[in-house]
Amino acid sequence: MTAVAVAVAAAAVLLTGCGGDADKASVPEGWGTLETGSLSVGYPKSEGYAEQPAGERAKANAAVALKEEDGIRTGMVSVQLDFATGVHDAAGAAAAAGAGIGLNSTRKATDDVRLAGPEDAGEAREARRIDYDFTADGQEDTPNRGTPMTGVLVAGVDAKGVPFVVRLNAVKDAVDAEDLDAFVGSITVK
């Protein structure tokens, strides 16, 4: 079984809520890991994504990995912490994060997920996943305006009550459903 297949199987177990209480999520072979004080998440390093230095990323992002091709950002994994006020649970975090998806997007699905993490993380392991499609706007080194894109976000509140949102956005068909599941399955809350 390949590393991606193992990660997908682990993600499927986590997504169904039947996976027990895993302390640490599975990150597929060849992937890197973004670490923050609230969570860690995998990103497809072997497919050209590279962690962005703190001095280069937007102030709102606690961690970022980018995939660039010929100077165009074709994929991005980002973690935002404390991105909304008055948010106390996964539903509130997902509502706030979902509002930021944009007008040019189409939601495909919204699901409850249980993330990996220590047992004492409690409700911090409960999160919401939103899958969506959108079109690129061609600004800030993104693909040409109208390019089909896909994304998934996972939103929740960490053990200290800080809301988080983790996103993977990429050119459509550059990441498949298995990679999106592996991405969600790679998140560990602290």
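**View 1. D173 sits out in the open with an unusual backbone angle.** At 72% relative accessibility, D173 counts as exposed. This is a predicted model, so keep that in mind for every view here. D173 lies in the loop that runs between strand 9 (163-171) and helix 3 (177-185). Have a look at its backbone too: phi is positive, about 75°, even though D173 is not a glycine. For context, most residues other than glycine have a negative phi.

**View 2. E140 is another non-glycine residue with a positive phi.** Here the angle is about 50°. E140 belongs to the loop between strand 7 (126-135) and strand 8 (148-157). Is E140 buried or exposed? With a relative accessible area of 67%, E140 is exposed, because the cut-off for that label is over 50%.

**View 3. Acidic side chains gather in a negative patch on the surface.** Its members are E56, E68, D137, E140 and D141. E140 from the previous view is thus one of the residues in the patch. Zoom in on E56 and you'll find a residue of the loop between strand 3 (49-51) and strand 4 (61-69). E56 counts as exposed, at 58% relative accessibility.

**View 4. Helix 3 has a capped start and a set of buried residues.** D176 does the capping at the N-terminal end of helix 3. One of its side-chain oxygens lies 3.2 Å from the backbone nitrogen of E178. Which residues of helix 3 are buried? They are D179, L180, A182, F183, V184 and G185. D181, also in helix 3, counts as partly exposed at 22% relative accessibility, since buried would need a value under 20%.

**View 5. R129 and D181 tie strand 7 to helix 3.** The two side chains meet in a salt bridge, with N and O 2.8 Å apart. The pair links distant parts of the chain: R129 is in strand 7, D181 is in helix 3, and 52 residues separate them. On the strand side, R129 counts as buried, at 7% relative accessibility. On the helix side, D181 is partly exposed. In general, side chains of opposite charge can pair when their charged atoms come close.

**View 6. R114 and E126 make a salt bridge between strands 6 and 7.** The N to O distance for this pair is 2.3 Å. R114 is in strand 6 and E126 in strand 7, 12 residues apart along the chain. E126 is partly exposed, with a relative accessible area of 34%.

**View 7. K108 and D133 also bridge strand 6 and strand 7.** How many residues apart are K108 and D133? K108 sits in strand 6 (residues 105-114) and D133 in strand 7, with their positions 25 residues apart in the chain. Their side chains meet in a salt bridge at 3.7 Å, N to O. K108 counts as partly exposed at 47% relative accessibility, whereas D133 is buried, with a relative accessible area of 18%.

**View 8. Stepping back, K108 and D133 belong to a network that also takes in K172.** Salt bridges with shared partners join K108, D133 and K172 into one network. Searching the whole structure turns up 8 salt bridges, among them K108 with D133, R114 with E126 and R129 with D181.

Definitions and conventions: Residues are numbered from 1 along each chain as its sequence is written. This is a predicted model: local features need pLDDT of at least 70, side-chain atom pairs count only at pLDDT 80 or more; totals for chains, interfaces and linings use all residues. Side-chain values use heavy atoms; hydrogens and water are left out. Patches are made of residues with over 30% relative accessible area and no salt bridge: like charges are joined within 9 Å, nonpolar side chains (Val, Leu, Ile, Met, Phe, Trp, Tyr) within 5 Å. Accessible areas come from the Shrake-Rupley method with a 1.4 Å probe; for residues, only the protein chains shown count as cover. A salt bridge is a side-chain nitrogen of Lys or Arg within 4 Å of a carboxyl oxygen of Asp or Glu. Lys and Arg count as positive and Asp and Glu as negative; His and the chain ends are not counted. The place of a charge is taken as NZ of Lys, CZ of Arg, CG of Asp or CD of Glu. Helices (H or I, at least four residues) and strands (E, at least two) are DSSP runs, numbered from the N terminus. Buried means under 20% relative accessible area, exposed over 50%, partly exposed in between (1.4 Å probe, protein chains only). A polar contact is a pair of N or O atoms within 3.5 Å; within protein, one must be able to donate a hydrogen and the other to accept it, and residues adjacent in sequence count only if both atoms are side-chain atoms.
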